Each structure stands twice: as structure tokens, then as C-alpha cells.
Amino acid sequence: MNFELDPDVEEMRTMTVAFARRELDGRHQAAGGHEGAGVPFDADEFRRRWLLAGKQGVVGGVVPVEYGGSGLDAVAASAVMEALGYGSSDTGFAFSVAAHLFASLMPVVEFGTEEQKRRLLPALCSGERIAAHAITEPEAGSDALNLRTRAESRGDHYVLHGSKCFTTNAPVADVFVVQAATEPGRGFFGLTAFVVEADTPGLTVGPPYAKVGLRGSPTADVHFDGCVVPSANVLGARGAGASVFSSSMKWERTCLFAAYLGAMRRVLESTVAYAGEREQFGAPIGSFQAVSHRLVDMTLRLESARLLLYKAAWGLARGSEDEVGPALAKLAVSEAAVQLGLDAIQVRGALGVLEGEAETLLRDALPARIFSGTNEIQKNNIARALGLSGNRRRAGRR
Ligand SMILES: Cc1cc2nc3c(=O)[nH]c(=O)nc-3n(C[C@H](O)[C@H](O)[C@H](O)COP(=O)(O)OP(=O)(O)OC[C@H]3O[C@@H](n4cnc5c(N)ncnc54)[C@H](O)[C@@H]3O)c2cc1C
């Protein structure tokens, strides 16, 4: 076993931390906000930073070099995501990068034809174009195979009708990976994944949501009203949509959550520093066991979640098909992030409930228990792997 990162990955991590501190933190974060945060979403500012992230090799991280990416494996990609989370308190931006890279570009890398890869990937890796992944619908969240969005085959093209919700990056996306039912009722084999250009007639995007956290990441509804999509834009094969989706979730449940490891480390460090400086009863509060043990528990949660995540990334980098490792990583990191946010607020006392790093972590961590398949669904998946649940539909499939 070797717990060290390769020197070139270490270097990339250092450079990414510096980049995130320089370009993504502080005043820039507000510009990525939305109406709910009292700041209108600024798509131009978001795109400006996205292009810089593209130049940094961040938004095409795991895409092979021949298609314009950085050719990172899952361990290196996790290190880069961790660096983004550590260097900037705008976890929303890192989340947007992950939704683009792991849920939208990786399906093209793993299931796309050579023509699709050459046509789509270079501009998506350089930061010139942004991708989004749309499967969730108002009536189909955890029950992701039960889609109402239909794609009807008409010879050399399909016609899409339906609506998606909670689509990350939708307000800025140039291209969407869309899941639609081609054979409703056929369950796992009833879905097909399509690449849909944002300017396709009949595709419309709603206004950015006002979210509790991840405010630097724009989210919106997407509607398809008679959208004509060439058959050449089917990803994988007709009926392979669920396989495309499952594969992308393995990436997301592992590498995306590394951004939270970085955010937790940053907040843990500032919390330890605060406990060393803040004095009550003539001593630093960190000298009181109730406080120091809380900081130890925060460290324990972070380090154990980190081990699970890098183990899952290590497996992914070796082509493992294991779904339990990524599910465990997703569960551990998201729960640790919520608890660490609560603890960081508690150690700060009243200052913790003012706007700042601790409350931001908590707000950003809450959605992590929900996206990429809720934590309850991860437990269903792990229980199934343990041989504990028979009915896939009833147990939750996502
Ligand atoms: C910030 C954010 C970004 C997102 N980005 C995207 C995106 O880019 N693209 C996209 O397609 N989707 C996206 N989503 C949607 C996300 O994937 C769904 O919200 C998620 O799958 C859960 O679906 P739901 O919200 O409809 O909850 P529901 O499925 O309605 O679940 C509600 C509650 O019931 C529980 N539950 C449901 N079924 C079971 C069961 N069988 N067993 C036990 N408990 C169960 C759930 O765990 C949850 O607690 C995003 C969500 C968030 C919050």
C-alpha cells in the first residue's frame, strides 16, 4: 500500500490550490450567486472563471489527452477536486465542474463513438463550452428509471418531449446529456442517453433556482418540446441509457465528493486556529476537553471519509466495476461534511451563525446528502450488495 500521491499529481494539486485561491475565492463567489443569495446569477462571470479553469486543465481532467483533456486517472482527478475545495470556499463552482466532467463528459468518453468524442470533447475540455446532465424529473428522482420524458424514433432522428428539474449547469450549458424513455416500461433497458445541443429548437431552460447551498453552481429546469435530435447523438446504444447513467454515477460518487474533503480540511484548519486564539475563563477554548475532543472527532470523520474516497478512486483508476466503494465514499463524505459544518459552527459560538466559512460549509454540505443518489438510496444499494434486499424496484434503484 502506498498513501502518497505521485509527485506530478502533488504538483498539480499545489497548482490547483493556488489557482482556486487566486481566481475562485472571495469576491468572485458572490458573482456566482443567485437571487436567493440576494445576488443575481452572473453568467458572464461564471464563464470567465470557467475558461480560466479550462486553461488550468481542470474542466477536462479525466478526459484522455487525445480528446483535449488532461488524461488524469480517478485518483489524480480526486486530488484536483480536493484542491479546488481546499483553495476556494466556492464549493458550488467545484460542484459545477464535477457535474460537467464526471456526469456529462465521462459518458461521452466511455460510451461515445469516435466521431462524437472528436466533435464534442475538445471544446468541453478547453473551457469554451459547458455541459450538463439531465435525468431527474419532478416525478422521477430516486426512481430514476421511471422517466416521463419520451424520445420517439423517426428514422434518422428522435423527437424529445418532457421536462427535467434540478439540472446543474443548465443556465450556462452549451450541451446536455439527456436521459429519455425510448421504451417505457422496459425498466433498465427502457432508457436512452442523448447528446442535445442547447440551441436545439424546442429546448428551453428555466431561471436559476434559489438554493440553500452550492450557490456558485447554477441549477434550473430544462424543457423539451418537440426537440429534434439526430440519431447520431445517441450515446452508447438505444436502451443503454441506464448503463450510461450508472457508470457516470460511479465517477460522481467518488471524484465529485473529493471537493468536500478539501472544503472540510480548510474549515477544520480555521476552526483549530480559532480554538487556539479565542480565550474564555482565561484560557484558549481549545484547552477545554469538550472543544478539543470535538476537533479530534472532526479530524477522525474527515480522515476516515478521505480513506474511503481514495480507496474508491483507486479502484476506479484500475477499472473496477465495484459500486459499493463509491457508495460508501459518497455516504461517508457527505455525512462527515454536514457534521463538520455543525461542529465548526459550535466551536465558533455566536460567530458561527454569522455568514462565513462554517455556515457556508454546512449549507453546501446539505445537498450532498441528496444529489448523486440520496444517502438512503446508497444504503439500499449497499444492502443489496450484502444480499439483503430482493426487490430492486421497491428498494430504490438510482
Ligand atoms: C444541488 C443539486 C444538484 C443536482 N444536480 C442534478 C443534475 O445535474 N442532474 C440531475 O439529473 N439531477 C440533479 N439533482 C437531482 C438529484 O439527483 C435528486 O434530487 C435525487 O436523486 C433525489 O431525488 P428527489 O429529490 O426527487 O427525492 P425523492 O426521490 O423524492 O426522495 C425523497 C426522500 O425519500 C427517500 N426515498 C425515496 N425512495 C426511497 C427508497 N426506495 N428507500 C428509502 N428512501 C427513499 C429519499 O432518500 C429522500 O430522503 C440535483 C439535486 C441537487 C440537490
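I looked up where the ligand sits in this predicted model: the second largest pocket holds it. On a 1 Å grid over the protein atoms alone, a pocket is an open set with protein on both sides within 12 Å along at least five of seven lines; a molecule sits in it if more than half of its atoms lie within 2 Å of its grid points.

I noted that local features need pLDDT of at least 70, side-chain atom pairs count only at pLDDT 80 or more, and totals for linings use all residues. Residues are numbered from 1 along each chain, and side-chain values use heavy atoms, without hydrogens and water.

I listed the shell: 21 residues surround the ligand (a heavy atom within 4 Å). The closest are T136, S142, F166, T168 and T374.

I then checked polar contacts (N or O pairs within 3.5 Å). The side chain of S142 places an N or O atom 2.6 Å from a ligand oxygen. For T168, a polar side-chain atom is 2.7 Å from a ligand nitrogen. A side-chain N or O atom of N380 lies 3.1 Å from a nitrogen atom of the ligand.

Conventions:
Polar contact = N/O pair within 3.5 Å; in protein donor to acceptor, adjacent residues only side chain to side chain. 1 Å grid on protein atoms, 1.4 Å probe; cavity = no way out; pocket = protein on both sides within 12 Å on 5 of 7 lines; lining within 4 Å.
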